[in-house]
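This report describes the helix packing and selected buried positions of one protein chain. The sequence and the coordinates are shown first.

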Amino acid sequence: MNGPGPAAPQQDNSDDAARQLRLRLYLGGQASWFISLGIQFVIFPFLVTQVLHEPAARVGIAQMSLMIPSLLFMLLGGTIADHSDARRILIRVHLFATVPPLVLALVFLTDNLSYASLIVYALTMGTLGAFAIPARDSALTRVAGTNIQQAVTLAMGVQMGSQLIGMLCAGLAAFTGTPSLLIFQAVVMFAGFWASAKLEPLPPTNAASAANRFVQIADGIKSAAATPIVATVIALNFAVGLFYVGSFLVVLPLMLRDIYQSNDAQFTRDFALINICFWGGTIIANLALFRAGHIHHRGRIMMASLTSGLIILALFHFHMPFWLLCLLILWWGMGAGTTMTMGRTIVQVAASENHRARVLAAYQLGFSGGAPLGALTMGLLVGWLGIFDAVLIPATIMIGILAMLYFFSPIWGYRADETG
């Protein structure tokens with residue numbers, strides 16, 4: 001009679017401890033990836049604009065090269081994640097991702113840095129990211145347990161905080177030197193390999209499929225399109241990548257070089273600072289969302305955040321002191337953090353378990369697919385119109401997109417229940 005009584009709480013405590021360990025290892029691997037990404041976010045445009053002194057159009061092409069592999073491989077990555085052990089995928093991509101920064105450091109040290117070598121680096125890292133992101137996103141629901149919104153908010157907070165740390169590290173490039181920073185990037189990525197290897201296996205929720213990869217990819221796209229709110233968020237994410245991310249990646253580095261006249265030593269410091277403002281804003285937004293708890297009208301919050309983004313883009317039309325630019329970017333980051341967390345939460349909750357990795361890959365593809373096209377377009381627009389006039393184009397188009405979504409999509413009226 002008395003035997004089973006104490007065992008149940010003990011079992012619950014054991015399960016809870018195991019879940020906490022899984023979550024810490026998962027977040028450790030995620031932190032590793034995004035610290036590395038934060039370093040890359042500053043060092044890569046520095047090498048393109050300040051070391052090689054490339055013109056606006058070639059800056060846009062270089063930034064596009066970081067993201068174009070997502071357009072080609074993200075859905076394939078989601079399909080593989082749906083039918084493979086996510087842990088095994090994460091182990092492999094972290095290990096492979098240690099190589100490109102080491103090679104780039106060697107190229108830099110031997111004075112062989114060229115535009116072509118940067119493009120190869122960008123395409124390689126972008127390809128690895130296309131397979132890492134779906135595996136990591138689909139694993140979140142399994143390592144976190146219940147309360148998806150809080151789990152997504154926590155994961156997004158770690159992601160953004162880690163990028164911020166990486167950017168702070170990159171801001172020290174004037175003291176450490178670029179090769180040392182690239183080697184540190186590889187070491188950080190290897191730490192993610194270790195954390196991923198310590199995870200328990202995360203086998204697929206789907207049985208192995210006899211269908212070929214293209215059929216499976218099409219099945220994932222159909223699943224995303226069949227849910228109106230998911231389809232809307234994916235379309236909105238594409239617009240964000242096209243008009244906001246493209247502007248951020250191209251306009252800000254060129255603004256520092258051509259408007260604020262940042263020299264080599266100043267550029268990494270200033271570009272790190274504006275990235276710290278942006279990602280610091282995303283962290284502030286996620287802390288606020290975490291404290292707020294469950295949010296019912298996630299679509300309306302997204303729409304409001306995106307409206308603030310187009311206002312900020314329009315304000316870039318005016319020449320302003322650097323401190324004011326940093327404040328606007330902080331505001332932009334707060335809106336971006338809100339948009340990313342709300343959008344990912346909507347998709348995590350609405351996607352079916354059997355298709356979750358593929359649907360999340362489609363969600364990420366919306367973002368990653370729009371960004372390279374946006375980077376290329378903004379590079380051409382800046383070369384044609386100049387920085388101050390070029391930023392008005394995406395801001396104006398986003399007004400029309402948000403108006404269409406308000407009248408013709410379910411996003412404004414979308415309301416989440418208490419469980420998701």
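Two residues are in contact here when heavy atoms of the one lie within 4.5 Å of heavy atoms of the other. The model is predicted.

**Overall fold**

The protein chain contains 16 helices and zero strands. It has 420 residues, of which 57% count as buried. Among contacts between residues at least 6 apart in sequence, 88% join residues at least 24 apart.

**Two buried polar positions in α6**

Helix α6 spans residues 148-170 and includes Q159; S162 lies in α6 as well. With under 20% relative accessible area as the limit for a buried residue, Q159 counts as buried because its relative accessibility is 7%. S162 is likewise buried, since its relative accessible area is 5%.

What does S162 contact beyond its neighbours within four places in sequence? The partners of S162 are A31, F34 and I35. Q159, with residues up to four places away in sequence again left out, touches Q30, F34 and R344. F34 thus appears in the contacts of Q159 and in those of S162. A further link across the sequence is that of Q159 with L27: these residues are 132 places apart along the chain, and their C-alpha atoms are separated by 8.4 Å.

**Helix α4 and its faces**

Helix α4 covers residues 99-109, and its buried residues are P100, P101, L104, A105 and V107. Viewed down the axis of α4, these buried residues fall within an arc of 160°, and they therefore line one face of the helix. An α-helix has 3.6 residues a turn, so residues three or four places apart point the same way. L106 and L109 are exposed on the other side of α4. Just after the helix, D111 adopts a positive phi of about 60°.

**Helix-helix packing**

Two packed helices are described by the angle between their axes and the distance between the axes. The table gives these values for two pairs.

| Helix pair | Angle | Axis distance | Crossing |
|---|---|---|---|
| α4 and α8 | about 165° | 8 Å | left-handed |
| α2 and α10 | about 135° | 10 Å | right-handed |

Helix α8 comprises residues 178-198. Angles over 145 degrees count as roughly antiparallel, and α4 and α8 are therefore roughly antiparallel to each other. From α4, the residues P101, L102, L104, A105, F108 and L109 meet T178, P179, L182, I183, Q185 and A186 of α8. By class, this contact has ten nonpolar, two polar and no charged residues. P101, L104 and A105 are among the buried residues of α4, and they also take part in the contact with α8. L109, by contrast, is exposed, yet it belongs to the residues of α4 that meet α8.

The second pair consists of α2, residues 56-82, and α10, residues 228-259. Which orientation do α2 and α10 have to each other? Given their angle of about 135°, α2 and α10 are therefore oblique to each other. On the α2 side, A56, V59, G60, Q63 and M67 meet V245, L249, V250 and L254 in α10. Classified by residue type, the contact of α2 with α10 has seven nonpolar, two polar and no charged residues.

Technical notes
Residues numbered from 1 in each chain as written. Predicted model: local features only at pLDDT ≥ 70, side-chain atom pairs only at ≥ 80, totals over all residues. Heavy atoms only, no water. Buried < 20%, exposed > 50% of the residue type's maximum accessible area, 1.4 Å probe, protein only. Helix = DSSP H or I, 4+ residues; strand = E, 2+ residues; numbered from the N terminus. Arc of directions from axis to C-beta. Axes fitted to C-alpha atoms, helices over the stretch in contact; angles between N-to-C directions. Parallel < 35°, antiparallel > 145°, perpendicular 65-115°, else oblique. Left-handed = near helix turned anticlockwise from the far one by under 90°. Nonpolar A, V, L, I, M, F, W, Y, C, P; charged D, E, K, R; others polar.
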